[in-house]
Amino acid sequence: MGINWHDFFIVGNPLILGSQIAIVLTMVGIVAGITYLKKWKWLWREWLTTVDHKRIGIMYILSGVLMFFRGGVDGLLMKAQTSRPEMKFLDAQHYNEIFTTHGVIMILFAAMPLLIGLMNVVVPLQIGARDVAFPQLNALSFWLFFSGAMLFNISFVVGGSPDAGWTAYFPLAGKEFTPGIGNNYYAVALQIAGIGTLMTGINFIVTVLKMRTKGMTLMRMPMFTWTSFIASVIIVASFPIFTVALALMTFDRIFGTHFFTISGGGMDMMWANLFWLWGHPEVYIVVLPAFGMFSEVISTFSRKRLFGYNSMVFSIVGIAFLSMLVWVHHFFTMGAGPGVNSVFSITTMMIAIPTGVKMFNWLFTMRKGRIELTTAMLWALAFIPCFVIGGVTGVMLAMGAADYQYHNTLFLVAHFHYVLIPGVVFAVFAGLYYWWPKMFGHMLNEKIGKIHFWFFTIGFNLTFMPMFFLGLDGAVRRSYTYSAESGYAPLFLLSTIGAVILAIGFGALCYNIYWSARYADRNISNDPWDARTLEWATASPVQFYNFAKLPEVKSIDAFWYMKKHNEGLTLKDEEVEEIHMPSNSGLPFYMGVIFGITGFLLVFEWKLAALVATVGILAGLIIRSFDYNDGFHVHKDEIKKTEKAWRSVNKGVNNHVS
Amino acid sequence: MEKNHKGFPVTHVIGFIMSLVLTFAALGVAIKTSLPFKTILWIIGSLAVVQAGLQLYMFMHMNEGEDGKSQVINVAYGFFIAVVTVAGSIWVMSFGM
Amino acid sequence: MSANVNTALPLEYQTEQNRMNILGFWIFLGAEIILFGTLFAVFSVLNARYAGGPTPKDLFEIKDVMVETILLLTSSFTCGLAIYEMRRGNRNGLLLWFIITLLLGAGFVFMEVTEFIHYVHEGATMQTSAFLSSFFVLLGTHGLHVSMGIGWATMVIIQIFKRGLTPVTARKTFIIGLYWHFLDVVWIFIFTFVYLARMVA
């Protein structure tokens with residue numbers, strides 16, 4: 001029954017005390033700042049209640065960058081602890097908590113929102129739509145994600161962080177071995193965020209299937225839209241499994257059932273089974289949209305149409321299909337018979353085939369292209385060799401028998417960082433540099449961008465390359481220290497130095513965002529990169545209705561075709577018609593808050609209070625059911641005024657692309 | 001997707017009768033026969049799939065509307081993933097024995 | 001998002017937003033298939049792990065199960081009739097069959113709750129064994145869906161009373177019809193693989 005009050009706040013650790021003070025000061029600062037600037041109304045009207053896909057996207061990206069920072073600090077703390085043998089910087093418990101939150105936050109609260117954020121901003125524009133299929137549901141998705149992320153993040157100051165690894169394997173994650181409430185946070189916060197993600201998946205599937213503009217057939221869609229669509233399909237296919245797994249974990253921990261416990265007939269490995277049934281497809285959910293971004297960037301800056309468009313589409317679909325059939329390779333060492341391990345070894349290796357097809361397509365896109373080395377393109381170029389290292393070590397790990405050697409060593413850790421950092425983080429950076437003008441009406445500084453790039457890529461390789469060798473030497477993952485006799489010290493130190501360089505790179509990005517927001521030229525055209533797809537056919541930043549007249553598509557790379565044939569680039573006054581747009585709503589925000597409260601009560605096992613709070617959730621659903629607000633119409637005059645503003649000014653691209 | 005059909009809802013009644021027949025058939029096979037367990041499981045499992053298809057086509061009109069094809073593919077894919085999850089879990093959790 | 005109305009189609013398909021909502025709901029049902037599939041997977045793995053507790057043969061009463069099954073099957077049929085009446089533009093017919101559907105659904109939920117209480121009195125709770133954990137959570141999830149459906153449908157009925165049959169209310173009714181039939185589909189598998197199969201195993 002419940003949790004004792006003296007467990008409520010975590011006390012006694014100077015690092016956490018510092019964070020607590022910092023959090024309180026930041027909160028006070030934000031509230032005071034908004035009040036001083038009289039921005040509360042603006043915040044509510046323009047952001048908290050918005051249903052505009054671009055603003056929701058920006059909020060996702062902002063949260064993602066913040067969470068990337070939090071996860072990055074976790075990473076740096078781990079690196080500091082392992083920089084020398086027998087370090088006393090963190091104790092074992094604290095180290096456990098930090099590698100757990102690092103993993104969860106980086107995958108679910110950094111990679112996911114950064115990708116979903118860019119999907120939100122770009123996909124409707126690329127298919128020539130005015131919003132997503134269900135704008136209010138989209139806002140709800142965001143607020144549920146945000147609610148889950150915040151709930152998870154307060155764990156380290158209120159009640160204690162989860163400490164059973166981001167995979168939360170049973171029996172360790174069960175009540176018996178982890179009696180505190182830390183792992184309740186894991187079960188509940190991820191559940192809330194996961195519901196939001198599932199709705200995003202449904203939303204984007206319908207958006208892509210139903211809202212493409214005239215002439216935009218499926219096989220003319222930009223590659224980023226394709227990959228986002230397929231990622232959404234994988235979301236809908238795999239997140240329900242995670243929903244169930246987390247619910248069962250909650251039941252086991254809070255209501256005493258026996259799904260994964262050893263007593264009562266439960267099976268601990270059933271958790272691993274369900275977790276990876278979701279977890280492996282999750283890897284492709286984050287990596288596919290990233291592939292799409294690279295496709296856009298490489299095509300734009302090679303001045304060539306994407307090579308092998310059709311094979312690209314088929315390989316994405318192939319990856320999506322295979323992604324659901326490989327999950328056991330994460331626990332080959334469970335000791336299943338040779339039949340099971342062989343089958344899953346083979347399906348895993350098969351994934352290398354469509355991925356290889358994509359690699360060659362990117363290389364051939366660049367062949368004989370006029371390559372422009374913008375920052376976005378640099379990320380794409382660095383991605384290829386780095387990701388191949390990740391992929392090849394992946395095939396090594398895919399061999400069931402050999403995996404007994406690599407399993408649970410730093411070799412594995414190095415492998416998946418070589419997959420996820422080039423595959424996701426590089427892509428997000430490329431996407432941010434590429435689409436930044438679309439979101440904010442100014443570019444990110446290219447010079448600082450290159451500093452960011454070089455520090456980050458060099459730092460990344462220096463951090464994780466040594467881990468391959470450490471792992472092969474037998475250094476295990478998730479171990480908070482090692483002895484001097486092990487001989488690991490030099491490589492561990494090298495890795496720490498790399499992490500610092502990597503962090504400087506991230507700092508350069510933050511500075512770049514600040515610098516560009518203050519000093520960058522606003523006088524840029526709608527199409528500063530001379531790009532190929534429809535998002536560049538409209539203003540930068542994009543007006544709230546996206547397109548005054550929905551474009552008509554006649555070819556792949558629709559905007560390129562329009563530019564070459566000088567079609568549909570201008571807008572006559574008589575072509576302007578009233579536009580119907582959805583209204584803002586405070587309900588999604590409310591739902592985020594009430595889900596957060598319910599989740600918090602459940603984390604603390606105050607079951608009755610949590611039950612009472614669910615009434616608030618039901619109330620929100622009922623209000624939504626009776627809500628007949630049908631949106632509003634934008635007047636012709638307003639559209640004409642907005643369109644003139646961005647179309648008439650003589651905006652140039654000079655001095656932007658060096 | 002007829003809009004104004006008049007008269008008697010024939011397909012619904014047929015669907016209902018068939019689902020009752022299938023349900024009692026499954027009950028009969030399970031309770032009244034002494035077939036081996038595996039055989040019973042296959043028979044009643046097939047009857048369940050048939051009945052589910054009946055609901056999807058005769059009551060839910062899965063393939064109607066301009067998105068009929070997407071809807072059928074979607075349900076088929078969902079069913080495929082569900083089968084992978086069930087069969088895969090049973091197999092893997094038996095450790096392949 | 002356009003308000004173009006195509007009156008040649010049934011009410012629920014007349015606007016683009018309606019068509020998107022219906023497709024979106026089908027995709028949600030796809031996710032629900034996988035959600036229940038996972039619960040079936042868990043049940044299939046754990047269904048013989050009694051941990052010394054009661055077994056299906058000790059607990060299940062085929063008569064009660066058959067009553068529940070018939071109630072739900074019939075409600076699926078009457079729900080189909082409700083949509084049939086809606087397509088004929090017969091508001092009262094729709095309401096009549098719709099309300100009958102919900103009453104049958106309520107009867108089902110009542111039977112199921114009684115069954116659960118009975119099990120608990122026999123010492124079979126979800127804390128007893130892995131088998132019972134997976135049994136209660138699978139059936140409880142289905143029962144919760146039915147209960148939520150009753151509440152949701154009640155909201156829609158109120159809106160039909162207030163606004164009559166419009167493209168919006170018709171779409172809402174149609175979608176809840178899909179949901180209701182789907183829950184019957186899930187029950188068919190529960191009936192088959194949980195009750196029948198475990199009683200003869």
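In the predicted model, 13 residues of domain 1 of chain A are in contact with 9 residues of domain 2 of chain A. On the domain 1 side, the residues that touch domain 2 comprise 8 nonpolar, 3 polar and 2 charged residues. Domain 1 of chain A covers residues 1–38, whereas domain 2 of chain A is assembled from two stretches, 39–585 and 629–648. The C-alpha centres of these two domains of chain A lie 29 Å apart.

Within chain A, helix H7 runs over residues 223–254 and thus has 32 residues. From its first C-alpha to its last, H7(A) reaches 44 Å, which is close to the 46 Å expected at 1.5 Å a residue. The helix nevertheless carries a kink of about 30° at A:Ser238, and this kink lies shortly before the proline A:Pro240. Of the 32 residues of H7(A), 29 are buried, so the helix is largely enclosed by the rest of the structure; a residue is counted as buried here when 20 or more other C-beta atoms lie within 10 Å of its own. Just after H7(A), A:Gly256 takes a positive phi of about 70°.

Helix H7(A) also takes part in the interface with chain B, in which 16 residues of chain A are in contact with 11 residues of chain B. The elements that give two or more residues to the chain A side of this interface are H7, helix H8 (268–302) and helix H10 (338–366) of chain A. The largest share, 4 residues, comes from H8(A). By class, the side of chain A that touches chain B has 12 nonpolar and 4 polar residues, with no charged residues.

Chain B itself has 3 helices and 0 strands, and its elements follow the pattern α-α-α when read along the sequence. The radius of gyration of chain B is 18 Å, well over the 13 Å that the globule rule gives for 97 residues, so the chain is more spread out than a compact globule. The C-alpha trace of chain B spans about 55 × 35 × 10 Å along its principal axes, and 33% of the 97 residues of this chain count as buried. The domain assignment of chain B gives domain 1 (1–61) and domain 2 (66–97), and the centres of these two domains, taken over C-alpha atoms, are separated by 21 Å.

Chain B also forms an interface with chain C, in which 43 residues of chain B are in contact with 40 residues of chain C. Helix H1 (10–32), helix H2 (37–59) and helix H3 (68–93) of chain B each supply at least two residues of the side that touches chain C. Of these contributions, the largest share is that of H3(B), with 14 residues. The residues on the side of chain B that touches chain C divide into 25 nonpolar, 15 polar and 3 charged.

In chain C, C:Asp58 is placed in helix H2, which covers residues 56–59. With 12 other C-beta atoms within 10 Å, C:Asp58 is exposed, because a residue falls into this class when 12 or fewer such atoms lie within that distance. C:Asp58 and C:Asn47 are 11 residues apart in sequence, and their C-alpha atoms lie 14 Å apart in space.

Methods. Residues are numbered from 1 along each chain as its sequence is written. Chains are lettered from A and ligands numbered from 1 in the order in which they are written. This is a predicted model: local features need pLDDT of at least 70, side-chain atom pairs count only at pLDDT 80 or more; totals for chains, interfaces and linings use all residues. The expected span of a helix is 1.5 Å times one less than its number of residues. The bend at a residue is the angle between axes fitted to the seven residues ending there and the seven starting there. Two residues are in contact if their C-beta atoms, placed from the backbone, lie within 7 Å. Ala, Val, Leu, Ile, Met, Phe, Trp, Tyr, Cys and Pro count as nonpolar, Asp, Glu, Lys and Arg as charged, and the others, Gly among them, as polar. Domain bounds come from an automatic or database domain assignment. The radius of gyration is taken over C-alpha atoms; the globule rule is 2.2 Å times the number of residues to the power 0.38.
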